[in-house]
Amino acid sequence: MNPPKTDRRIKKTKASFTNALLTLLNEKDFKKITVTDIVTRADVNRGTFYKHYQEKEDLLNEIISDVLQNLEIAYQDPYTKKEHFSVETLTPSMVKIFDHVYAHQLFYKQAIQDKFQPGFQNQLCDVIRRIALRDFSVVLQKSPANPELHASYQAHAIFGLIVYWVQHDFAYSPAYMSEQLLQIINADTSFTF
């Protein structure tokens, strides 16, 4: 039996809360945002908020968890669909990480500006590093470099591209960013995706 699908109304309500919180972060610090601010901005009643969350931190944690889970899916996309993955066979259309970031622009703008919690940028890099260590262990083992250091290098390099892109207000398309990443990877033989 399949698990029950989340009701469309619930998804819409939660999306309203998410958008409200992320836009409020443009105006004030998270500590100063109240549940009243969130429900007013979302145009949803307070009771509905408490039906889903006990406090605003629960909403923020759910947003972060959902986006990080989607980040992992986007990062893994190129090689989960191939039996034998090779960096040399990657094409820009196979790289989905920038599509993911673009789809979550408001989230990444707040994350890059460190509006969530201290050290959150490191948490993002750590997600990418863990994926690289787990899913590319064979590739990393072939490198003469320490696998932990190699994965950390890769994670921060990809995150650096994301930071640049966000700070320049998404001036380039996701496809262009994917092309640039592949050009960097191909120029740097120690890099794996």
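This passage describes the helical make-up, nonpolar core, one helix pair and two loop residues of a predicted model.

The chain contains 10 helices and 0 strands. Read from the N terminus, its elements run α-α-α-α-α-α-α-α-α-α. Of its 193 residues, 41% count as buried. The exposed area of the chain is about 11100 Å², of which carbon and sulfur atoms supply 50%. Among contacts between residues at least 6 apart in sequence, 62% join residues at least 24 apart.

In soluble globular proteins, nonpolar side chains tend to be buried together. In the present model, the largest nonpolar core comprises 53 residues, and the members that touch the most other members are F17, I38, F98, F107, Y108 and F116. At least two core residues come from each of α1 (8-24), α2 (35-42), α4 (56-80), α5 (97-103), α6 (105-112), α7 (120-135), α9 (147-167) and α10 (174-187). The most is given by α9, with 9 residues. The surroundings of one of these core members, F98, were examined further. When neighbours within four places in sequence are left aside, F98 is in contact with L161, I162, W165, P174, M177, S178 and L181.

Two packed helices are described by the angle between their axes and the distance between the axes. For α1 and α2, the axes come within 8 Å and cross at roughly 115°. The crossing of α1 past α2 is right-handed. On the α1 side, the residues taking part are S16, F17, A20, L21, T23 and L24, and these meet D37, I38, V39, R41 and A42 of α2. By class, this contact has 7 nonpolar, 2 polar and 2 charged residues. F17 and I38 thus appear both in this helix contact and among the core residues that touch the most other members.

Two residues other than glycine were noted for their backbone conformation. D43 has a positive phi of about 60° and lies in the loop between α2 and α3 (46-52). F170 also has a positive phi, near 55°, and is found in the loop between α9 and α10. The burial of each residue was then considered. D43 counts as exposed because its relative accessibility is 71%, and the cut-off for exposed residues is over 50%. F170, by contrast, has a relative accessible area of 9% and is therefore buried, the limit for that class being under 20%.

Notes. Residues are numbered from 1 along each chain as its sequence is written. This is a predicted model: local features need pLDDT of at least 70, side-chain atom pairs count only at pLDDT 80 or more; totals for chains, interfaces and linings use all residues. Side-chain values use heavy atoms; hydrogens and water are left out. A nonpolar core is a set of buried Ala, Val, Leu, Ile, Met, Phe, Trp, Tyr and Cys residues joined through side-chain atoms within 4.5 Å. Buried means under 20% relative accessible area, exposed over 50%, partly exposed in between (1.4 Å probe, protein chains only). Helices (H or I, at least four residues) and strands (E, at least two) are DSSP runs, numbered from the N terminus. Contact means heavy atoms within 4.5 Å. Accessible areas come from the Shrake-Rupley method with a 1.4 Å probe; for residues, only the protein chains shown count as cover. Axes are lines fitted to C-alpha atoms, for helices over the stretch in contact, and angles run from 0 to 180 degrees between N-to-C directions. A crossing is left-handed if the near helix is turned anticlockwise from the far one by less than a right angle, and right-handed if clockwise. Ala, Val, Leu, Ile, Met, Phe, Trp, Tyr, Cys and Pro count as nonpolar, Asp, Glu, Lys and Arg as charged, and the others, Gly among them, as polar.
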